[in-house]
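Colleague: I am new to this structure and would love a friendly walk through it. Could you show me the sequence and the model, so that we can talk them over?

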Amino acid sequence: MTLQEFNTLFQNGLSKQNAGLVQLLGLCPLLAISNTLVNALSLGLATMLVMASASGAVSSVRHFVPHEIRIPVFVLIIAALVTVIDLLMNAFVHPLYLVLGIFIPLITTNCIVLARADAFASKNRPLHSVVDAIAMGLGLTMVLVVLGGMRELAGQGTLLSGIDLVFGEEAKQFVLHVLPGYQGFLLAILPPGAFIALGLLIAAHNWQKARAERRPHAAAPMPA
Amino acid sequence: MIRQARVAARNALRTGVILFVFALVATALLVFTFSRTESTIERSEQAEKLSLLGQVLPPALYDNDLLASQQGVAPHELLGTRQPSAMWIARRGEAITAVVLEAIAPDGYSGNIHLLIGIGIDGTVTGVRVTAHRETPGLGDYIVRSKSPWIEQFAGTSLIRPEARRWKVAKDGGQFDARAGATITPRAVVKAVHGALHYFARHRAALLAEAAAPGKETTP
């Protein structure tokens with residue numbers, strides 16, 4: 001794998017084909033879990049882990065899967081991996097499991113995992129597939145974190161609330177009360193807030209993209 | 001024609017076998033992981049339950065194995081239960097000092113709120129904890145101990161303290177505070193705790209007789 005391939009994969013995952021902002025895939029967990037920054041980050045990382053292992057597994061067996069039954073086989077692989085991760089988390093990181101528990105099985109239904117397995121991993125070598133999955137997962141996590149931060153700040157005036165559920169009681173001091181005495185804004189925490197915040201993010205992304213496309217035009221290098 | 005049909009049949013068989021092999025491998029993987037994690041998960045869950053029980057019962061009240069003391073309780077309107085729930089018996093020496101009941105507040109803001117309520121032998125609440133809920137995060141979820149100490153105000157209450165008409169949230173003229181903008185959730189919890197106290201008062205004799213009878217203990 002060359003450095004350039006590596007860069008292309010990451011550019012696609014983080015920006016050009018960002019799962020959350022451009023492909024608009026995997027929105028179900030995106031909207032449900034992004035009510036606080038910690039929730040968003042945790043689910044984003046868990047999704048990334050599932051995507052990386054699923055893409056790696058799908059890519060390794062891609063020569064043995066007939067085209068007609070590839071989707072059932074991929075779903076089988078993803079569901080099995082998610083269940084394994086669910087069991088392992090339950091057994092070995094129980095406190096984190098109590099926070100994320102109900103969302104882990106939901107990752108199976110996240111179409112971005114299947115989308116990357118079918119669109120990328122089934123046609124590429126394992127290393128490329130894993131890198132692609134990590135880039136895509138990272139892109140999704142970034143969007144989730146920004147969305148979670150926006151909603152938490154607008155909704156309850158804090159950042160990082162609930163971090164103690166992941167890192168234990170001592171971590172409570174990391175909670176940032178950005179707006180002390182804030183009354184809260186319920187809409188931001190409820191599902192409609194997720195749609196509105198995501199809309200704003202997509203608009204910002206598109207605006208920035210449009211500007212970037214216009215710029216080289218205006219500042220075209222002078223002929224020597 | 002026949003040749004074509006034969007090729008199609010062979011293809012179908014091949015695909016079927018491949019799918020079967022994948023299903024077999026996936027199942028084997030799951031069985032393996034499950035068997036390796038089962039005991040650890042069970043231990044974590046037991047520890048989790050024990051820690052919750054420990055939060056609703058002061059340690060001075062019991063010296064028995066709480067988890068082993070679990071018994072079934074028939075569903076009852078006052079507990080909000082539709083299925084048999086569990087009860088744990090706290091003993092100090094041989095004497096029963098308290099029970100822990102499971103109760104459900106069915107009228108929360110979104111869905112059932114599951115509660116664990118410790119009640120001393122004299123009918124005083126020793127502690128209450130929420131074990132499962134779907135209240136609005138950041139708004140109604142302050143009933144959970146990890147988010148706020150709100151739920152601690154039940155400790156020390158009983159059917160006579162406060163009197164019946166004060167067993168309400170402050171907004172309804174009762175003695176329990178509730179945050180502005182989120183009264184439905186605490187209202188439901190207050191009602192459920194009050195209901196559980198009534199249940200205990202009404203069934204006290206039967207519950208304690210059942211608890212005292214050895215051999216009738218049912219483990220899940």
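Colleague: What percentage of the 224 residues in chain A is buried?

Modeller: Keep in mind that this is a predicted model, where local features need pLDDT of at least 70 and side-chain atom pairs count only at pLDDT 80 or more, while totals for chains, interfaces and linings use all residues. Residues are numbered from 1 along each chain as its sequence is written, and chains are lettered from A and ligands numbered from 1 in the order in which they are written. A residue is buried if 20 or more other C-beta atoms, placed from the backbone, lie within 10 Å of its own, exposed if 12 or fewer, and partly exposed in between. By that count, the buried part of chain A is 41%.

Colleague: Which kinds of element make up chain A, and how many are there?

Modeller: Helices (H or I, at least four residues) and strands (E, at least two) are DSSP runs, numbered from the N terminus. From that end on, chain A reads α-α-α-α-α-α-α-α-α-α. The tally is zero strands and ten helices.

Colleague: Which element of chain A gives the largest share of the largest nonpolar core?

Modeller: A nonpolar core is a set of buried Ala, Val, Leu, Ile, Met, Phe, Trp, Tyr and Cys residues joined through C-beta atoms within 7 Å. The largest one has 55 residues, and A:Ala54, A:Ile77, A:Ile78 and A:Val113 have the most contacts inside it. Among the elements giving it two or more residues are α3 (37-60), α4 (70-92) and α6 (111-121) of chain A. With 13 residues, the largest share comes from α3(A).

Colleague: Which residues does A:Val113 touch, leaving out those up to four places away in sequence?

Modeller: Two residues are in contact if their C-beta atoms, placed from the backbone, lie within 7 Å. Once the sequence neighbours up to four places away are set aside, A:Val113 touches A:Val50, A:Met51, A:Ala54, A:Ile78 and A:Ile107.

Colleague: Why does the span of α4(A) agree with its number of residues?

Modeller: The expected span of a helix is 1.5 Å times one less than its number of residues. Since α4(A) has 23 residues, it should span 33 Å. The span agrees because the end C-alpha atoms of α4(A) are 33 Å apart.

Colleague: Which element gives the largest share of the side of chain A that touches chain B?

Modeller: Here 26 residues of chain A are in contact with 20 residues of chain B. On the chain A side, α4, α7 and α9 (186-189) each give two or more residues. The largest share, twelve residues, comes from α4(A).

Colleague: How do the residues on that side of chain A divide into nonpolar, polar and charged?

Modeller: Ala, Val, Leu, Ile, Met, Phe, Trp, Tyr, Cys and Pro count as nonpolar, Asp, Glu, Lys and Arg as charged, and the others, Gly among them, as polar. Sorted this way, the side touching chain B has 17 nonpolar, eight polar and one charged.

Colleague: Which strand of chain B forms a hairpin with β4(B)?

Modeller: Chain B has two helices and five strands, and two strands pair if DSSP finds at least two bridges between them. Strand β3 (residues 95-105) pairs with β4(B) in the antiparallel sense over eight bridges. Six bridges join β4(B) to an antiparallel strand at residues 125-132. With four residues between the two, including B:Gly123 with a positive phi of about 85°, the hairpin partner of β4(B) is β5(B).
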